[in-house]
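Colleague: Hey, have you got a few minutes to walk me through this one?
Modeller: Sure, let's pull it up.

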Amino acid sequence: MESLIAIVTGGSSGIGLAAAKALCAAGYRVYTVSRRSFTQEGMAHLCADVSDDSAARAAVEAVVREAGGVDLLVNCAGFGISGAVEFTACADARRQLDVNFFGMDNMTRAVLPHMRRAGQGRIVNVSSVAAVAAIPFQTYYSASKAAINAYTCALANEVAPFGISVTAVMPGDIRTGFTDARKKITAGDDAYGGRLGRSVAKMEADERGGMDAATAGAYIARIAQRRRVKPLYAIGFSYKCVCFLCDALPCRLRNYLIGRLYAS
């Protein structure tokens with residue numbers, strides 16, 4: 001039996017690399033995509049900036065030429081910025097959306113024609129619990145992930161008749177290099193009474209004490225292999241509870257509680 005073909009963006013580090021390793025162990029032929037050069041035994045790698053539509057399409061076409069198709073796309077490429085909206089440059093905000101949301105969109109649009117013609121395929125988008133529990137001083141990151149959730153749910157209905165399933169997985173706090181790579185915009189912290197600095201420090205402490213990336217990667221690989229999938233999944237019991245409460249509580253109460261945690 002031939003191996004299924006998987007593309008994992010952001011696959012050179014963090015959750016993406018962990019997911020790629022788990023998929024390899026499950027028998028997938030894995031191609032990782034990231035901006036930097038990378039080597040990992042058992043995987044092929046393509047250098048591409050997924051926020052560049054032409055680069056994303058070229059990466060997918062290279063996989064299709066070599067492997068004959070794409071059975072699975074895991075959109076994991078992304079990064080975070082923090083800062084007060086008032087003091088965040090438009091260019092930084094747009095870059096956040098360009099990578100996290102439009103990078104996902106570029107790769108998805110590139111694989112869809114191949115999956116549609118094959119009559120099957122699965123797309124797994126890596127979102128975040130921040131999509132449903134929007135984090136103050138990480139407004140643009142939260143917005144990018146909320147957009148992924150909405151996109152996932154809408155696209156799932158568009159492509160279901162072609163045998164293509166789409167789902168989003170929402171990690172919470174994960175121990176990865178994501179924390180140190182976050183672009184921290186500190187301007188205006190004095191005007192906000194130090195709340196920006198306190199919020200980011202608390203978030204980073206939570207991340208450093210969070211779930212191991214290998215656990216998140218293994219979960220993504222399991223979702224990828226399920227016969228049927230729901231539109232949205234949270235990783236871990238505690239974050240499933242957070243998402244349930246965010247849906248169940250009145251918006252005003254939910255936002256008050258989040259504010260007490262991350263904006264006080």
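Modeller: Below we go through a helix pair, some cysteines and a couple of single residues.

Colleague: Before we start, what kind of model is this?
Modeller: This is a predicted model, where local features need pLDDT of at least 70, side-chain atom pairs count only at pLDDT 80 or more, and totals for chains, interfaces and linings use all residues. Residues are numbered from 1 along each chain as its sequence is written, and side-chain values use heavy atoms, with hydrogens and water left out.

Colleague: OK, helices. How do α3 and α4 cross?
Modeller: The axis of α3 (residues 90-118) comes within 9 Å of the axis of α4 (residues 139-159), and the two cross at roughly 20°. That makes α3 roughly parallel to α4 (angles under 35 degrees count as roughly parallel). Helices here are DSSP runs of H or I with at least four residues, strands are runs of E with at least two, and both are numbered from the N terminus.

Colleague: Why quote both an angle and a distance?
Modeller: Because two packed helices are described by the angle between their axes and the distance between the axes.

Colleague: Which residues meet there?
Modeller: On the α3 side they include L97, F101 and M104, and on the α4 side they include Y141, I148 and Y151. Contact means heavy atoms within 4.5 Å. The residues of this contact divide into 12 nonpolar, four polar and two charged. Ala, Val, Leu, Ile, Met, Phe, Trp, Tyr, Cys and Pro count as nonpolar, Asp, Glu, Lys and Arg as charged, and the others, Gly among them, as polar.

Colleague: New topic: how many disulfides does the structure hold?
Modeller: Zero. A disulfide would be a pair of cysteine sulfur atoms within 2.5 Å. For C76, the closest cysteine sulfur is in C24, 15 Å away, so that is too far for a bond. C243 is in no disulfide either, with the sulfur of C246 nearest at 6.3 Å.

Colleague: Is C243 buried or exposed?
Modeller: C243 counts as buried, at 9% relative accessibility. Buried means under 20% relative accessible area, exposed over 50%, and partly exposed in between, with a 1.4 Å probe and protein chains only.

Colleague: And what's up with phi of F137?
Modeller: Phi of F137 is near 70°, a positive value in a residue other than glycine. F137 is found in the loop between β6 (121-126) and α4, and F137 counts as buried at 7% relative accessibility.

Colleague: Last one: where does A67 lie?
Modeller: A67 lies in helix α2 (residues 53-67) and counts as partly exposed, at 22% relative accessibility. Leaving aside neighbours within four places in sequence, A67 is in contact with I5, R29 and Y31.

Technical notes
Axes are lines fitted to C-alpha atoms, for helices over the stretch in contact, and angles run from 0 to 180 degrees between N-to-C directions. Angles under 35 degrees count as roughly parallel, over 145 as roughly antiparallel, 65 to 115 as roughly perpendicular and the rest as oblique.
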